[in-house]
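Me: Please take a close look at a single helix in this model, the one with a kink, and describe how it is built. After that, set it beside a few other sites in the same chain.

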Amino acid sequence: MVGVTIFALLLSLWEDEPVLSVVGTIGGLGTPFMLYTGQGSLPMLMLYTTVVLIGPVILYMIKGWKPLLWSAVVGGWLVLMVGLIVNVIDVENPSSLDRWTLQLGVLFVGAISWIIPVYREILTNREPQRWPDSANLHKKESDQPFVANVNVQVLSVLMPVCMLFYSYGLWSISSEVWGVIALIASLLIGYSYLPLRSEELFKLSLVHGFTALIMITISLTLLLDGEILLIALTLEALCLRIIASKTGDRNISLSSHILFVFIAIWMVDRLLMVTTASMPLFNLDALTELFIIGIGGIMVPAYIGTNKVNSTTVYRLTAHIALLGWFLKELSTLQDGQAYVTVAWGIYALAVLYVGFRESNIRIRLLGMATIFLVVGKLFLVDLTQINTLLRILLFIGFGAIFLLVSYFLHKNWGEPPNSPEPAKEAEVD
């Protein structure tokens, strides 16, 4: 089958037809599994796979055929996954030889899936006539910037992450050690940003920077835990937001949004948990959550930009809802806690309404009014049945008086345009 694979590759080179090389590569990689009888040697399988993959790699360097690259990548990783399942996961005590064999296989497949395609992009950028791109993305004019192939960009993101998680499942090592390994890998990948940028591969350099960011996030997840991890990820997302606002890079901006979505999902899970803290609002969990809400509602919108109103509104509205949930989580477990929640929501609603008038912002005004209506609904739907009579009377009397004052203020000031000049006095006519 090695001979047949080599013949298929040579024939595809002779006929300039990538389909023949793809068929030969798939057939060569699938042969050990089609002939498998329950016995065999993992080192020999990896050696055979390496020999089979060398031909497609050489042909890819010559012709730059992306289908051939993907067939080698997918086939190589399928062989590695079968080896991991059969020789490590399904075995009670895997041998060190099998582990090291698979680890070397991961390094080899990772090299042909990531390092070699990136190196060929560098060669194509330098000498597009000698190393042509099969997708015709090479330079056509001297002043036209080089655009790296999207297949190479995707592999540059996927392969380092796949190699890390595959190795994580291969060895029985603590998460802290893997966190350090991921951190070292992120530094090495991030170091490639400057050489790629100096080669004028701007898109590919940003992709490697994004990959380094992913590895740093994985490293933080493995090294840290609980509140420290949540704060670290939030600060990382905020730093990305600041960098995106300074550079205008869309990839970094998208990365910050994705990370904040992950943090928001985590926050929802935390806010739905019942708190058992002896001191509501001032325990470590509560202060951590309040810090995250402040970052998302105040700091992040300040670095989004005035031209992106929708994104700013989403962040502020999410932080607003999270703060209401934070009060509910922290105060509802107290005796007659729903009364404290109503008071907190009411004070917060009045504060939002005040800010809306002070800043002459109609959106904030409407948000404050919506929160007041929410408090009114809670008074009738929740507090009437869950609060004792005395507190219920005090709540209704107090909020009734407050709402009367608010309605008077709104009637007087809502329709006035902000900072409207006084009308000019008409000249008197003799």
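Reply: The protein has 16 helices and zero strands. The model is a predicted one. Of its 430 residues, 42% are buried. Among contacts with a separation of 6 or more, 68% are between residues 24 or more positions apart.

The helix in question is α12, which covers residues 284-302. Its 19 residues reach 26 Å from the first C-alpha to the last, close to the 27 Å expected at 1.5 Å a residue. Even so, α12 has a kink of about 35 degrees, and isoleucine 295 is at its centre. Isoleucine 295 is itself buried. Also buried in α12 are Ala286, Thr288, Glu289, Ile292, Ile293, Gly296, Gly297, Val300 and Pro301. The buried set thus includes a charged residue, Glu289, as well as two glycines, Gly296 and Gly297. At the N-terminal end, α12 is capped by asparagine 283. One of the side-chain oxygens of asparagine 283 lies 3.3 Å from the backbone nitrogen of aspartate 285.

Other helices supply some sites to set beside α12. Threonine 342 belongs to helix α14, residues 337-358. Its relative accessibility is 0%, so threonine 342 counts as buried, the cut-off being under 20%. Beyond the neighbours within four places in sequence, threonine 342 is in contact with Val375, Lys378, Leu379, Asp383 and Phe399.

Aromatic rings come next. Seven aromatic pairs turn up in a search of the whole structure. One of them joins phenylalanine 380 and phenylalanine 396, with ring centres 5.4 Å apart; the planes are at 85 degrees, so this pair is edge-to-face. Phenylalanine 380 is in helix α15 (residues 362-386) and phenylalanine 396 is in helix α16 (residues 389-413), so the pair ties together parts 16 residues apart in sequence. Phenylalanine 396 counts as partly exposed because its relative accessibility is 27%.

A ring also takes part in a contact of another kind: the charged end of arginine 120 sits over the ring of tyrosine 60, 5.7 Å from the ring centre.

The last site is threonine 50, in helix α3 (residues 42-63). With a relative accessible area of 24%, threonine 50 is partly exposed. Its C-alpha is 8.3 Å from that of valine 109, although the two residues are 59 apart along the chain.

Key: Residues numbered from 1 in each chain as written. Predicted model: local features only at pLDDT ≥ 70, side-chain atom pairs only at ≥ 80, totals over all residues. Heavy atoms only, no water. Helix = DSSP H or I, 4+ residues; strand = E, 2+ residues; numbered from the N terminus. Buried < 20%, exposed > 50% of the residue type's maximum accessible area, 1.4 Å probe, protein only. Contact = heavy atoms within 4.5 Å. Phe/Tyr/Trp six-rings, centres within 6.5 Å; stacked < 30°, edge-to-face > 60°. Lys NZ or Arg CZ within 6 Å of the ring centre and 35° of its normal. Expected span 1.5 Å × (residues − 1). Bend = angle between axes of the 7 residues up to and from the residue. Polar contact = N/O pair within 3.5 Å; in protein donor to acceptor, adjacent residues only side chain to side chain.
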